[in-house]
Amino acid sequence: MVYGQRPFILTECKLTKNMKNLSLEINRSINDVKREYYVWIKYNTHIKLQNRTLMKGLILLPITLCVFFCFCTKAQSVVKIPQDATTLSAAVQLAQSGDTILLAQGIYTDSVHISSKSLIFKGDPNGGSVLSPGANEKSFVLHGANIEFIFLEFDDFQQNTPRPNIAISSNYSNVKIDQCRFNNLYSPVSLYWGNFEISNSIFSGTRGSGVIHQNGGTFLMYNNLIYGGIDKTGIVINRAHGEFFNNTLVGSSPTQFRGLIINSDSISHIYNNIINGFGIGIHLNASDSIEFAALRIYNNNIYSVITPYWYEYNENLSLPIYSGFLNPNPGTGEISSPANFIDSTGGDFKIQPGSPCIDAGINAYPFSVGFDLGGSNRIIGTNPDIGAYEYSVVTAIENRGYTEENKVIKIYPQPTRDHVWISFKDSYFGTLEVLDISGKVLRRKLINDAVMFKVDLPEQSGLYFLRMINKDGIEIRQVLKQD
């Protein structure tokens, strides 16, 4: 396809043999159609006639119908950077609504404004697709758009760029973020009215007054980790409603600021979260009795705070303002005990054996949540764990003895349907084990002088672990097998 001169991409059209009941069925992309019995029409699209004998006398009506469907349907396209466009801004200009923009590994400093488009931005699954707002202030500015971000990193590279220094600024837009990282930004995500979903993402070193600010709309936030240098409020939600579960929020000022400030305009659920290191864990703002009673809080672990719950209430936004200790509603399953992280100083917030968070959550999910932030099954025991990470026997084992020079370079493809390849930096001698999420060894093989090694996985889909053992130590990697 020549970008800039975008033809419509016609899907294959079948014509039935029954002339009295001529039907037109749109099947699959023209790219999958074999080159036989084609009729060439405008805009470089093809129509395949199922029976050669139908051609005579049937040209006008079929082509008219197919041309009509050509203009009504357009297949989604992919715009690649740098193959199809050299900059992020150029890719956005080139893309049409419904397209996916693939960002290769590299650093992008564009400030992109998007209005009234539906786009997906996807980075390299192995990391390295980095956006830095820098002096441009904001990487993405959205208005009336539907945007999804996957496998991207937003980083200020320790430049301490002054405000706004925002990764995503959104107005009246729907935003979905999955498997992204936000590092050292002043204010990573700011949204004004819209539907917002964020999952499996990590925020570290935020320097401003909040990691996420949302004003109006709906929210769905789960499996996220927020930590590192957060000496102010973590998340602020105002005049919105939704679900907030299985997140880990770690602050650095246990005598001030808030982990979560929320003003819920209707029923919202807050559960299975770890919140520690703030002055107040959950702060409820309400302007009437409906908002005051709208928040549902249960099965959270809030500790190392002055008070876990607080409220401010002023009827119809008038004086006086009432405030005090909040009794969580319904408050069942709430605990206040150190989560027992593996290495909070080093940024490893997975939980260890004996953590009070293990099996202390509740399965109140609005949909099936298959995996946690690290890719482990979300429910391993009798109940989900509290926090972004689920405890498992395997993930609690640390990689031992390895240095950066002799670790595995790459395991691919991820996810996979049947097997993966392991690429080592140097020739590898040792034992490879395939384990399930319970830690049971399913397969064991010897690796003798290999720089690449193929590993066949069990037939059942799910999460597996590859444990590599040799004289230098033990290394464990996760592999996800899908149907």
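**Cavity, core and strands of a predicted model**

Me: Which residues form the lining of the second largest cavity, and what makes a residue part of a lining?

Reply: Leu 432, Val 434, Arg 443, Arg 444, Lys 445, Lys 454, Val 455 and Asp 456 line the second largest cavity. They are called lining residues because each has an atom within 4 Å of a point of the cavity, a set of points on a 1 Å grid over the protein atoms alone where a 1.4 Å probe fits but cannot get out. This is a predicted model in which local features need pLDDT of at least 70 and side-chain atom pairs count only at pLDDT 80 or more, whereas totals for chains, interfaces and linings use all residues. Residues are numbered from 1 along each chain as its sequence is written, and side-chain values use heavy atoms, without hydrogens and water.

Me: How many cavities does the search find, and how much space lies in the second largest?

Reply: Two cavities of 30 Å³ or more are found in the whole structure. The second largest holds about 40 Å³, a volume defined as the space filled by probe spheres set on the points, which are joined across faces, edges and corners.

Me: Which strands supply that lining, and how is it made up by class?

Reply: Strand E34 (419–435) and strand E35 (441–456) each supply at least two residues, and E35 gives the most, with six. A strand here is a DSSP run of E of at least two residues, numbered from the N terminus. The lining has three nonpolar, no polar and five charged residues. Asp, Glu, Lys and Arg count as charged; Ala, Val, Leu, Ile, Met, Phe, Trp, Tyr, Cys and Pro as nonpolar; the others, Gly among them, as polar.

Me: Why is Cys 357 called buried, and which term fits Asp 265?

Reply: Cys 357 has a relative accessible area of 0%. Buried means under 20%, exposed over 50%, and partly exposed in between (1.4 Å probe, protein chains only), so Cys 357 is buried. Asp 265, at 25%, is therefore partly exposed. Of the 483 residues of the protein chain, 49% count as buried.

Me: Where do these two residues lie, and what do they touch?

Reply: Cys 357 is in the loop between strand E32 (348–351) and strand E33 (408–412). Contact means heavy atoms within 4.5 Å. Leaving aside neighbours within four places in sequence, Cys 357 is in contact with Ile 274, Asn 301, Ala 339, Ile 351, Asp 385 and Ile 386. Asp 265 lies in the loop between strand E23 (258–264) and strand E24 (268–271). With residues up to four places away not counted, Asp 265 touches Arg 239, Ala 240, His 241 and Glu 291. The loop between E32 and E33 also holds Asn 363, whose C-alpha atom is 6.6 Å from that of Asn 383, 20 residues apart along the chain.

Me: What makes a set of residues a nonpolar core, and which members of the largest one touch the most others?

Reply: A nonpolar core is a set of buried Ala, Val, Leu, Ile, Met, Phe, Trp, Tyr and Cys residues joined through side-chain atoms within 4.5 Å. The largest one has 61 residues, of which Phe 121 and Phe 149 touch the most other members. Beyond four places in sequence, the contacts of Phe 149 include Phe 121, Phe 140, Leu 142 and Ile 168. In soluble globular proteins, nonpolar side chains tend to be buried together.

Me: How do you know that E12 pairs with strands E9 and E15?

Reply: Two strands pair if DSSP finds at least two bridges between them. Strand E9 (residues 118–122) and strand E12 (residues 146–150) have five bridges, in the parallel sense, and Ile 120 stands opposite Glu 148 in E12. E12 and strand E15 (residues 174–178) also have five parallel bridges, with Ile 150 opposite Asp 178 in E15. Both pairs therefore meet the definition.

Me: Which side chains of strands E8 and E5 are buried?

Reply: In E8 (residues 112–115), Val 112 and Ile 114 point to one face and are buried, whereas His 113 and Ser 115 point to the other and are not. His 113 stands opposite Val 141 in E11; four bridges join E8 to strand E11 (residues 138–143), and the two run parallel. In E5 (residues 78–81), Val 79 and Ile 81 are buried on one face, while Val 78 and Lys 80 point to the other and are not buried. E5 pairs with strand E6 (residues 100–103) in the parallel sense over four bridges, and the bridge partner of Val 78 is Thr 100.

Conventions
1 Å grid on protein atoms, 1.4 Å probe; cavity = no way out; pocket = protein on both sides within 12 Å on 5 of 7 lines; lining within 4 Å.
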